[in-house]
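Open the model in your viewer and show it as a cartoon. The stops below take it one selection at a time.

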Amino acid sequence: MRALVAANEKTMGGNIVDLRGIAMERLEARLDRLEDTHRNVIAAAYENLAGTNQINRAILRMMDATQFEPFLRELRGEVSDILRVDAVRLVLESAVPDADPAVSRLGDVLSVAEPGFVRDYITHGRATPSRQVTLRQVRTDDTTIFGDKADYIRSEACMQLNLGEGRLPGMLIFGAEDPHQFTPQQGTDLLTFFAGVFERAMRRWLS
């Protein structure tokens with residue numbers, strides 16, 4: 001088509017503007033933009049499908065546990081592998097120090113904090129509403145959450161947990177070395193669903 005248009009322009013001379021050629025160039029540019037949009041939509045759809053499959057597999061693996069300790073150990077094991085995160089931490093608020101031996105045995109995945117810790121951690125102490133899922137980039141050497149992994153965690157997903165009436169809230173945190181794995185621009189639907197399943201499982205174990 002370009003060759004035909006170019007040949008036609010030569011026969012018309014230099015003093016004539018070919019509106020058909022201009023229109024064709026504009027249509028070609030518009031087609032390129034549509035193709036780019038189409039590719040982006042398909043890529044986003046595949047990425048969303050892959051994310052959904054990851055969450056579903058992680059939930060099914062998590063639900064296989066029949067006891068509380070194996071349930072939590074799966075978080076740092078196959079569940080974190082399926083979700084491709086580098087660190088997992090469950091924080092439970094308690095009004096009194098918990099002397100349960102399970103806390104020390106599961107110290108690399110479970111920690112107990114004072115009341116109000118979850119909200120302060122998610123909001124950084126600011127008087128702002130805390131969402132159920134918060135995605136953000138981090139850079140800190142604070143070992144309170146990620147322990148000896150804190151030095152290389154660069155992004156995190158914080159999921160606030162409602163553990164039932166009369167219980168203090170909890171928080172499940174995923175940490176990643178990749179600073180772009182969890183960012184505020186990403187959607188939170190899948191992690192909101194995962195947090196909903198997880199908190200219901202926790203209510204069962206805590207009842």
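A residue counts as buried when its relative accessible area is under 20%. By that cut-off, 35% of the 207 residues of the chain are buried. Keep in mind throughout that this is a predicted model.

**Whole chain.** Colour by secondary structure: seven helices and five strands should appear. Followed along the sequence, they come in the pattern α-α-α-β-α-β-α-β-α-β-β-α. Switch on the surface, and the chain exposes about 13000 Å², with 53% of that area supplied by carbon and sulfur atoms. Among contacts with a separation of 6 or more, 59% are between residues 24 or more positions apart.

**The sheet.** Now select the strands alone. In what order do the five strands lie in the sheet? The order is β2-β1-β5-β4-β3, in an open sheet with mixed pairing. At the edges are β2 (110-113) and β3 (133-137), each of which pairs on one side only. From one strand to the next, the twist averages 20 degrees.

**Strand β5.** Select residues 170-176, which make up β5; seven of its seven residues are buried. Show the side chains and look at each face in turn. On one side are Gly170, Leu172, Phe174 and Ala176, and on the other Met171, Ile173 and Gly175; both faces are covered.

**Neighbours of β5.** Add β1, residues 87-93, which runs antiparallel to β5 and is joined to it by six bridges. Within this pair, Leu90 is opposite Leu172. Next add β4, residues 155-161, also antiparallel to β5 and linked to it by seven bridges. Two of the residues to label in β4 and β5 are Ser155 and its bridge partner Ala176. Another pairing to label is Gln160 with Met171 of β5.

**Helices on the sheet.** Bring back helix α3, residues 68-83, which packs on the sheet and touches β1, β2 and β5. The direction of α3 makes about 140 degrees with that of β1. Then show helix α7, residues 189-206, which lies across β1, β3, β4 and β5. Against β4, helix α7 runs at about 45 degrees.

**Last stop: Leu60.** Select helix α2, residues 19-63, and find Leu60 in it. Is Leu60 buried or exposed? Leu60 counts as exposed because its relative accessibility is 56%, and the cut-off for exposed is over 50%. Finally, draw a C-alpha to C-alpha distance from Leu60 to Val79: the two are 9.3 Å apart in space and 19 residues apart in sequence.

How values were computed:
Residues numbered from 1 in each chain as written. Predicted model: local features only at pLDDT ≥ 70, side-chain atom pairs only at ≥ 80, totals over all residues. Heavy atoms only, no water. Helix = DSSP H or I, 4+ residues; strand = E, 2+ residues; numbered from the N terminus. Buried < 20%, exposed > 50% of the residue type's maximum accessible area, 1.4 Å probe, protein only. Contact = heavy atoms within 4.5 Å. Areas by Shrake-Rupley, 256 points an atom, 1.4 Å probe, with all protein chains shown as cover. Pairing = 2+ DSSP bridges. Axes fitted to C-alpha atoms, helices over the stretch in contact; angles between N-to-C directions.
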